[in-house]
Amino acid sequence: MKIATWNVNSLKVRLDSALAWLGEADPDVVCLQEIKLVDDVFPRAPFEELGYNIAVHGQKTYNGVAILSKFPLEDIRVRLPGNDEDDQARYVEALIASPRPVRVASIYLPNGNPVDSPKYPYKLAWMARLKAHAYELLREETALVLAGDYNVIPAACDARNPDAWVEDALFRRETRLAFNAFANLGLTDAFRACNTQSGQYSFWDYQAGAWQRDLGIRIDHLMLSAQAADRLEAAGIDKDVRGRDKPSDHVPVWCVLAQ
DNA sequence: ATGGTTGTTTAACAA
């Protein structure tokens, strides 16, 4: 089973690109972030024609997440527990009802910049809620894939120029410690587990020629429970997508689980 | 380089 995650940065703008990539990559499950549209206008038909079922938690203008799956979607839940006042559409999970079921979440973790604004404590609080929810999900002791745009650079090897990011909300000490605390629940970074080379990124800023200069960072992750990691066969990044016409600033990241 | 670009929406804001 191939599971992918991709921050499309507006599904309206990226619809044709997304359909083209789906046709080539042929994933069984796709977690989308920053769809930037409400549920009612989600372009269901073209994805359904490719054989996908859809779970969506949309929002106007900002955020918005979805899961596409060639297997039936069951037990769909939206919103990350822990703060009923939080209206930002950043979380949807579902049980992928395949012969060997997998619970999958599509996550759009807050960016958190600038760090001296309320956005940074919101990010850290969101990470604490994610850790608490992951702890509950892991108690099921089943295959679990928490995939999405984490807005976290896990280590210096995940940035071309780590010095430029040390005070940034994506890489500062507090962020890395919070991410480590989450991962230390027992989650495996699928890409890290399958690839030893540094210099492999999932995001290049639109600004200042970041793509042309390969000033990338790796911030889109598939985090696997032990039961999922034991089935891990491959993982990769579809880097070439960044060089196409009208690209998202993120590219798809994927893993393959046995069956 | 207190810059640069893209998307939503149409003057900022988010990333």
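These are my notebook entries on what I looked up in the structure.

**Ground rules**

I am reading a predicted model, in which local features need pLDDT of at least 70 and side-chain atom pairs count only at pLDDT 80 or more, while totals for chains, interfaces and linings use all residues. Residues are numbered from 1 along each chain as its sequence is written, and chains are lettered from A and ligands numbered from 1 in the order in which they are written.

**Chain A as a whole**

I began with the secondary structure and noted 6 helices and 14 strands in chain A, taking helices (H or I, at least four residues) and strands (E, at least two) as DSSP runs numbered from the N terminus. The radius of gyration of chain A is 17 Å, close to the 18 Å of the globule rule for 259 residues, so the chain is as compact as a globular protein of that length; the radius is taken over C-alpha atoms, and the rule is 2.2 Å times the number of residues to the power 0.38. Along the principal axes, the C-alpha atoms of chain A fill a box of roughly 45 × 45 × 40 Å.

I then looked at burial, where buried means 20 or more other C-beta atoms within 10 Å of the residue's own, exposed means 12 or fewer, and partly exposed lies in between, with C-beta atoms placed from the backbone. Of the 259 residues in chain A, 42% are buried. For contacts (C-beta atoms, placed from the backbone, within 7 Å), I noted that among those between residues at least 6 apart in sequence, 69% join residues at least 24 apart.

**The open sheet**

I traced an open sheet of 6 strands in the order β3-β4-β2-β1-β14-β13, with mixed pairing, where two strands pair if DSSP finds at least two bridges between them. The edge strands, each pairing on one side only, are β3 (53–57) and β13 (232–237).

At one edge, β3 runs antiparallel to β4 (residues 65–69) over 5 bridges, and valine 56 stands opposite alanine 66 in β4. I also noted that β3 is mostly covered, since 4 of its 5 residues are buried. At the other edge, 5 bridges join β13 to the antiparallel strand β14 (residues 253–257), where alanine 234 has valine 256 as its bridge partner.

**Strand β7**

How many residues of β7 are buried? I found that 7 of the 7 are, so β7 is largely enclosed by the rest of the structure. Val102, Val104, Ser106 and Tyr108 point one way from β7, while Arg103, Ala105 and Ile107 point the other way, and all are buried.

I followed the pairing of β7 next. Strands β6 and β7 pair in the antiparallel sense over 6 bridges, with isoleucine 96 partnered by valine 102, and a hairpin of 5 residues joins β6 to β7. With β8 (residues 144–149), β7 pairs in the parallel sense over 6 bridges, and here arginine 103 has leucine 144 as its bridge partner.

**Unusual backbone geometry**

Most residues other than glycine have a negative phi, and most peptide bonds are trans. I therefore listed departures from this rule.

The peptide bond joining asparagine 113 and proline 114 is cis, with omega about -5°. Asparagine 113 lies in the loop between β7 and α3 and is partly exposed, with 15 other C-beta atoms within 10 Å. Beyond its neighbours within four places in sequence, asparagine 113 is in contact with Lys119, Asp168 and Ala169.

Lysine 36, in the loop between β2 (29–33) and α2 (44–49), has a positive phi near 55°, and I found it buried, with 20 other C-beta atoms within 10 Å. Arginine 79, in the loop between β5 and β6, has a positive phi of about 75°; it counts as partly exposed, with 16 C-beta neighbours inside 10 Å.

**Residues around DNA strand B**

Which residues come nearest to DNA strand B? Of the 15 residues around the strand, I noted Ser10, Thr61, Asn111, Tyr206 and Gln207 as the nearest, a residue being near if its C-beta atom, placed from the backbone, lies within 6 Å. The residues of this surface divide into 5 nonpolar, 5 polar and 5 charged, with Ala, Val, Leu, Ile, Met, Phe, Trp, Tyr, Cys and Pro counted as nonpolar, Asp, Glu, Lys and Arg as charged, and the others, Gly among them, as polar.

Conventions
Contact = placed C-beta atoms within 7 Å.
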